[in-house]
Amino acid sequence: MSKRKLNIQQQRRVKKNRFKTADQQNSQVRSGLVITNFGQRLLVEDKQGTIFNCAVRQHLGKLVAGDRVLWEPDAEAGRGIVSATSPRHSELARPGFRGQTRMVAANIDVIGIVAPIEPGVHPDMIDRYLVAAAQLDIPVALIINKIDLLTNDEAWEELAETLLPYDEMGIDIITVSAQLSDGLDDIKAFLSQKTSVFVGPSGAGKSSLINALIPDLAIRTGSLSAATGLGVHTTTNSILYHLPCGGDIIDSPGVRRFTPTPCSPSILEGYYPDFLPFLGQCRFDNCTHQHEPGCAIRQAVDEGNIAESRFASFQNLRQEFADYFDLSGGQKNRDKIK
């Protein structure tokens, strides 16, 4: 007779109990927080704030900044080995090469989407991260960086028009300049006492913002580089920093084009809150909101009730997800879906 498989909730409960039991049984075992992953090893911080260079038991899989772990000191000073992990309450991932999922951060409470004035504030990028945040049910703020580059009223008006759909959806919008230290208090209020992650494209200025929020960041980065033994650090993996205002911030690598976890068209449209008043009103139940007559979504776009940019980003994602789902919403590639 085959063994009965545990559901996800039962698996998490067993994992949590193992995590507690291991900590109680072995006096050498310590709890820790993953600061960053660099290849086959982790930097783990103990309760006293000391950083240790740790190997990882193979069965634990990929661990990232924000993970809570148990680890044991190694014979060599400053080193250890991670033996167990605590269940994550949230995890941000992005598709990697060959359909594999690449973890970005764990146990995050809020997401800051950093959109820069230069090279540009692009609604499609923003909407992709908004869908990911909605999938995780995590609060989000839109951080408009490099506002010092807005030199006239016309530029401000153009930005306001771009951001209008997000303002109407009630999304927090924070304008900031790391160069001028403008808007930093608003960011601190959003991040305070939470574990957060900055996401956005390469060149968005995420690292510059964190530098402005953490005055001694260069010293901290130097100590992390020394702990890894890899020399000067660059943001190729997510790294967790403690904020002076309280809480933690995870700096994630910039990506040229982020894609949230693929889902069916019917689920995807539910992640667009500005679509919700019009869903279920189309003439056809399986409406793709493209060329069908009697489409309530298309009509809302034509009448200005849904922004063209939002509709375009929805259709872009819908087409990208077509490799995973057929047009009627049926799943085609089960092995590619988490």
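Begin by selecting Asp 124 and Arg 128, whose side chains meet in a salt bridge with an N to O distance of 2.8 Å; bear in mind throughout that this is a predicted model. Because the two residues stand four apart in helix H2, which spans residues 123-136, about one helical turn separates Asp 124 from Arg 128. Both Asp 124 and Arg 128 are buried, and if you add Arg 257 and Glu 320 to the selection, you will have before you a network of salt bridges that links these four residues. The structure holds ten salt bridges, and the stops that follow visit others among them.

Stay in helix H2 for the next selection, and show Asp 127 together with Arg 310. Here the closest N and O atoms of the salt bridge are 2.8 Å apart. Asp 127 belongs to helix H2 whereas Arg 310 belongs to helix H9, residues 308-320, so this pair ties together parts that lie 183 residues apart in sequence. Asp 127 counts as buried because its relative accessibility is 0%, and Arg 310, at 2%, likewise counts as buried, the cut-off for that class being under 20%.

Keep Arg 310 displayed and add Asp 274, which is placed in the loop between helix H7 (265-270) and H8. The side chains of Asp 274 and Arg 310 are joined by a polar contact of 2.8 Å. Which other residues should be shown around Asp 274, leaving aside those up to four places away in sequence? Besides Arg 310, Asp 274 touches Met 169 and Ile 306. With a relative accessibility of 14%, Asp 274 counts as buried. To see how this loop residue stands relative to an earlier part of the chain, select Glu 168 as well: its C-alpha atom and that of Asp 274 are separated by 8.8 Å, although the two residues are 106 apart along the chain.

For the last stop, move to helix H8, residues 296-302, and select Arg 298 and Asp 302, which both lie in this helix, four residues apart, or about one turn. These two residues form a salt bridge in which the closest N and O atoms are 3.2 Å apart. Is each partner buried, partly exposed or exposed? Asp 302 counts as exposed, because its relative accessibility is 57%, while Arg 298, at 23%, counts as partly exposed. It may help to set this pair beside the opening one, where Asp 124 and Arg 128 are both buried.

Conventions. Residues are numbered from 1 along each chain as its sequence is written. This is a predicted model: local features need pLDDT of at least 70, side-chain atom pairs count only at pLDDT 80 or more; totals for chains, interfaces and linings use all residues. Side-chain values use heavy atoms; hydrogens and water are left out. Buried means under 20% relative accessible area, exposed over 50%, partly exposed in between (1.4 Å probe, protein chains only). Contact means heavy atoms within 4.5 Å. A polar contact is a pair of N or O atoms within 3.5 Å; within protein, one must be able to donate a hydrogen and the other to accept it, and residues adjacent in sequence count only if both atoms are side-chain atoms.
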